[in-house]
Amino acid sequence: MTKMKKTSQICQSKLPDNTALKQQQLPAYRLQLSATGVLSGFFATGAFCLGVGIILILSAKSIKEIEIKYTKICANCAELREDAINFDKECTCSIPFYLSETMQGNVYLYYKLYGFYQNLYRYILSRSNSQLVGTDLKDVGNCAPFSKSHNGTPIAPCGAIANSIFNDTIILSYNLNSSIHMEVPMLRSGITWWTDKYVKFRNPSAINLSSAFTGTAKPPYWSKPVYELDLEDTENNGFLNDDFIVWMRTAAFPTFKKLYRRLNRVQYFIEGLPAGNYSFNITYNFPVTRFKGEKSVVLSTLTWSGGSSLFLGLAYTVTGAVTWLAAFSMMAIHLMLKEKRTLFIER
């Protein structure tokens, strides 16, 4: 008897407390959905996704865009850049084109690369974040093989990403008539993400930017040091240069475009780019034929939904269509089961 009492006491001690929570006696609500409610939810979700998808596709289709591949057009320059000993020889080419329709509103100029892999693991890591925020210009530990110059001087900015910066010069000209050609005013600033410009990239603190980079060397493939990227605008120089910041944000796919300039809407271009004859005057520097790549220049407008990509609109449309297909399938099954239950009851 004593053993049984002890065993009973031990078992009782292991029981959960006699509370509503531990005894699972709290009031609960069990959701019971009807077929009508479920089907209505599916049809409403499908209609919403289809509507948003169609709106996004129509918005993307309304964008005016023109793209011109210039690797083969500038074949002489491309061949010149094949040989590294010609790095100091300037090569330019002009590409005329006709704009049949006015590009209303804000117009953006992009450069586009084909077959350039910025998503390689070692390439992405080849940078110094402590350099780029202006805290330690001598920190080049992760930048090999572009960490130091031949005489051991630290490179700023170091790394493979900075060294391979896109350095073609693209100038857009508008031909008023056969004798008058004017350069289209383009803005070099305001093309970066706010977080990049004001958080991720900072210049070292110094009165004179050139003195702040004393004791460092420029990247091997650069024609000038980082503090001479924009001598006209001190706010767009050094690590804060917009072209540099845009390039340092690596792309996920081998074909990508990056913002290069935006239209300054003054004089003849207040409403945008008028229809007419234009030409791109390109100083060809960036080699692509060695890795079988291509380059192009893109002029594009934007809408409230972004650029000309149809991916988001198609994704919403496909999701809506699949949701509706699932809803019709469930409705058919529900009606079949309902009819069977009716026949069974009647028998």
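**Figure 1. Tyr110 stands opposite Leu259 in β8.** The model is predicted: local features need pLDDT of at least 70 and side-chain atom pairs pLDDT 80 or more, while totals for chains, interfaces and linings use all residues. Residues are numbered from 1 along each chain as its sequence is written, and side-chain values use heavy atoms, with hydrogens and water left out. Strand β4 covers residues 107–114, and it pairs with β8 in the antiparallel sense over six bridges. Strands (E, at least two residues) and helices (H or I, at least four) are DSSP runs, numbered from the N terminus; two strands pair if DSSP finds at least two bridges between them. On β8, six of the eight residues are buried, so the strand is mostly covered. Here buried means under 20% relative accessible area, exposed over 50%, and partly exposed in between (1.4 Å probe, protein chains only).

**Figure 2. Five strands form an open sheet in the order β1-β11-β4-β8-β7.** The pairing in this sheet is antiparallel. Its edge strands are β1 (65–69) and β7 (186–187), each of which pairs on one side only. At the β1 edge, five bridges join β1 to strand β11 (residues 294–301), and the two run antiparallel. Ile66 has Leu299 in β11 as its bridge partner. At the β7 edge, two bridges link β7 and β8, again in the antiparallel sense. Met186 stands opposite Leu263 in β8.

**Figure 3. The largest pocket holds about 1,600 Å³ of space.** Its lining is made of 47 residues, and the closest to the centre are Asn163, Ile165, Asn167, Tyr221 and Trp222. Four elements give two or more residues to this lining: α4 (121–125), α6 (160–163), α9 (242–248) and β8 (256–263). Helix α4 supplies the largest share, three residues. By class, the lining of the largest pocket has 23 nonpolar, 11 polar and 13 charged residues. Ala, Val, Leu, Ile, Met, Phe, Trp, Tyr, Cys and Pro count as nonpolar, Asp, Glu, Lys and Arg as charged, and the others, Gly among them, as polar. A pocket is an open set of points on a 1 Å grid over the protein atoms alone, where a 1.4 Å probe fits, with protein on both sides within 12 Å along at least five of seven lines; lining residues have an atom within 4 Å of a point. Its volume is the space filled by probe spheres set on the points, which are joined across faces, edges and corners.

**Figure 4. Ile165 is found in the loop between α6 and β5 (169–175).** This residue is among those closest to the centre of the largest pocket. At 13% relative accessibility, Ile165 counts as buried. Residues up to four places away in sequence aside, Ile165 touches Trp222, Asp243, Phe244, Trp247 and Phe286; contact means heavy atoms within 4.5 Å. Glu67 lies 98 residues from Ile165 along the chain, and their C-alpha atoms are separated by 21 Å.

**Figure 5. The second largest pocket holds about 720 Å³ of space.** It is lined by 29 residues. Nearest its centre lie Tyr110, Trp193, Lys257, Lys258 and Leu259. Tyr110 and Leu259 are the residues that stand opposite one another in Figure 1. At least two residues of the lining come from each of α2 (35–61), α9, β8 and α10 (311–346). Strand β8 gives the most, with four residues. The lining of the second largest pocket divides into 16 nonpolar, nine polar and four charged residues.

**Figure 6. The side chains of Ser59 and Thr303 are joined by a polar contact of 2.9 Å.** A polar contact is a pair of N or O atoms within 3.5 Å; within protein, one must be able to donate a hydrogen and the other to accept it, and residues adjacent in sequence count only if both atoms are side-chain atoms. Ser59 belongs to helix α2. Its relative accessible area is 8%, so Ser59 is buried. Beyond residues up to four places away in sequence, Ser59 touches Thr303, Trp304 and Ser305.

**Figure 7. Asn237 is found in the loop between α8 (209–212) and α9.** Asn237 is buried, with a relative accessible area of 7%. Its side chain reaches the backbone oxygen of Tyr227 at 2.6 Å. A polar atom of the Asn237 side chain also lies 3.1 Å from the backbone nitrogen of Leu229. Neighbours within four places in sequence aside, Asn237 is in contact with Asn203, Leu209, Val226, Tyr227, Glu228, Leu229, Asp230 and Leu231.
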